[in-house]
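Here is a walk through one protein model, written for someone meeting it for the first time. Keep the structure open beside the text and find each part as it comes up.

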Amino acid sequence: MEGRRRIFRNARLATLAGARPGLGIVEHGALVTEGGRIVYVGPEADMPAAPADAGIVDCERRWITPGLIDCHTHLVYAGDRANEFEMRLAGASYEEVARAGGGIVSSVKGVRAASEDELVAQSLPRLDALLAEGVTTVEIKSGYGLDLESEAKSLRAARRLGQERRVTVKTTFLGAHALPPEAAGDKDGYIDLVADRMLPAIAAEGLADAVDGFCEGIAFSPEQMARVFAAAKAAGLPVKLHADQLSNLHGAELAARHGALSADHLEYTDEAGALAMAKAGTVATLLPGAFYFIRETKKPPIELFRRHGVKMALATDSNPGTSPLTSLLLTMNMAATLFSMTVEECLAGVTREAARALGILGETGTLEAGKFADLAIWNIERPAELVYRMGFNPLHARFWRGE
């Protein structure tokens, strides 16, 4: 059927398209694809005449949504950190875990020791878990190598995941994630290395679609992140930022000043940060898995984002230390129960706004003619079921670029 016209009829559509609020519902809908793109979406009664060789899919009144998009993951890593989880359950502090060789440094050791093939093999089951729930696009960050060789190896592994499976993979260089042991506490010296050597080399090899960093007291200052952003601009790469997760260093404002695609986490963002993001069009990517897993108590300022019109995306933040989560369906439920987000906000957050957070809304994220035919077909009676259930997967079929 590759390239051939395919007609999905007798469907209910949640297009997520249009300027008006709502899910863009079409109750008696049809969707037509050809050459990996959507060529028609709307009422079945208005569908253009089908060629004789068109493939017909009777959806039997199932719902079709855009394929889901996980716009913030650290999917490529080696090993796990279940031992740290066990230590924390027994009462160990973050510092005690770190002194015992845990934390990001533990993942750095694993990635440096693993081959590219091993990274791919260990990461594929995590990717498969996402795909089984209708994910058609996933962003994957580096950040567990912290030297040029290992960061490049991680990004190559991420690119290979997109070749091993029918999925769109967007890669992000996160060299400014943490301080490697060999830096001996010299944050400025390490940022020099990231900005002057690592980032240009990664960009020259075409390994990254964007650049990210961790702006926090335990990581890097706004001034240090600004240096990385300047290097990203020089390399022609868009930026995003882990911001305001554990304290308010005004990371949201920093991201907005640099025209970031997104600022992520944002538990401590204030009104000035929300205003700056709204003005810049920077998406707020919220990560309830990490909030839940580290037992955070300060919620991101959802009402501020609503009031100022900041677009909100949702993602798993899938990583070994603070969010070992590979379910966007559970992520939506967490966002609703923990952050009081609405069904509409949750579904938009893993489709339209997640695409916006990756800078690819022109290609995917809504059901509209001209976009990639990235679809999820669900055995549900109403869209709210996708947010309401926990540990239940109602996916009937997943299509990536029409196949």
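## Two residues with positive phi

Does arginine 295 count as buried or exposed? With a relative accessibility of 62%, arginine 295 counts as exposed. Keep in mind that this is a predicted model. You'll find arginine 295 in the loop between H10 and H11. Its backbone is worth a look too: arginine 295 isn't a glycine, yet its phi is positive, at about 60°. As background, most residues other than glycine have a negative phi.

Glutamate 60 is another non-glycine residue with a positive phi, this one near 55°. Glutamate 60 sits in the loop that links strand S4 (55–58) with strand S5 (63–66). Its relative accessible area is 52%, so glutamate 60 is exposed.

## Strands S7, S8 and S9

Now for some strands that run side by side. Strand S7 (residues 135–141) and S8 are parallel, and five bridges join them. To spot this pairing on screen, look for isoleucine 140, which stands opposite threonine 171 in S8.

S8 also pairs with S9, again in the parallel sense, over three bridges. Here threonine 172 faces alanine 210 in S9. To get from S8 to S9, the chain passes through helix H6 (residues 187–204), making a right-handed β-α-β crossover.

How many of the nine residues of strand S8 are buried? The count is eight, so strand S8 (residues 168–176) is largely enclosed by the rest of the structure.

## On to S10 and S11

Follow the chain onward and there's another parallel pairing: strand S9 (residues 210–215) and S10 are joined by two bridges. Cysteine 215 is one residue to look for, as it stands opposite alanine 243 in S10. The route from S9 to S10 goes through helix H7 (residues 222–234), and that β-α-β crossover is right-handed.

S10 in turn runs parallel to strand S11 (residues 262–265), with four bridges between them. Histidine 242 has aspartate 264 in S11 as its bridge partner. Put S10, helix H8 (residues 251–257) and S11 together and you have a β-α-β unit that is right-handed.

Which residues are buried on the two sides of strand S10? Lys240 and His242 are buried on one side, and Leu241 and Ala243 on the other, leaving both faces of S10 (residues 240–243) covered.

## Cysteines without disulfides

If you go hunting for disulfides, you'll come up empty: the structure holds zero. Take cysteine 215, whose nearest cysteine sulfur belongs to cysteine 71 and is 19 Å away. Cysteine 215 has a relative accessibility of 1%, so it counts as buried.

Why does cysteine 346 not bond to cysteine 71? Cysteine 71 holds the cysteine sulfur closest to that of cysteine 346, but the two are 13 Å apart, which is too far for a bond. A disulfide needs its sulfur atoms within 2.5 Å. Cysteine 346 is buried as well, at 0% relative accessibility.

## The largest pocket

Next, the open spaces. The largest pocket has a volume of about 610 Å³. Its lining is made of 28 residues, and those nearest its centre are Arg88, Tyr94, Ile294, Gly321 and Thr322. Helix H1 (82–89), helix H2 (94–99) and helix H10 (288–293) are the elements that each give two or more residues to this lining.

Which element gives the most to the lining of the largest pocket? That's H1, with four residues. Sorted by class, the lining of the largest pocket has 13 nonpolar residues, ten polar and five charged.

## The second largest pocket

The second largest pocket has a volume of about 380 Å³. It is lined by 17 residues, with Lys311, Glu344, Glu345, Arg352 and Glu353 closest to its centre. At least two lining residues come from each of helix H11 (302–308), helix H13 (343–349) and helix H14 (352–357).

What is the make-up of this lining by class? The lining of the second largest pocket has eight charged, six nonpolar and three polar residues.

How values were computed
Residues numbered from 1 in each chain as written. Predicted model: local features only at pLDDT ≥ 70, side-chain atom pairs only at ≥ 80, totals over all residues. Heavy atoms only, no water. 1 Å grid on protein atoms, 1.4 Å probe; cavity = no way out; pocket = protein on both sides within 12 Å on 5 of 7 lines; lining within 4 Å. Points joined across faces, edges and corners; volume = space filled by probe spheres on them. Nonpolar A, V, L, I, M, F, W, Y, C, P; charged D, E, K, R; others polar. Buried < 20%, exposed > 50% of the residue type's maximum accessible area, 1.4 Å probe, protein only. Pairing = 2+ DSSP bridges. Right-handed = clockwise from strand over helix to strand, strands pointing away.
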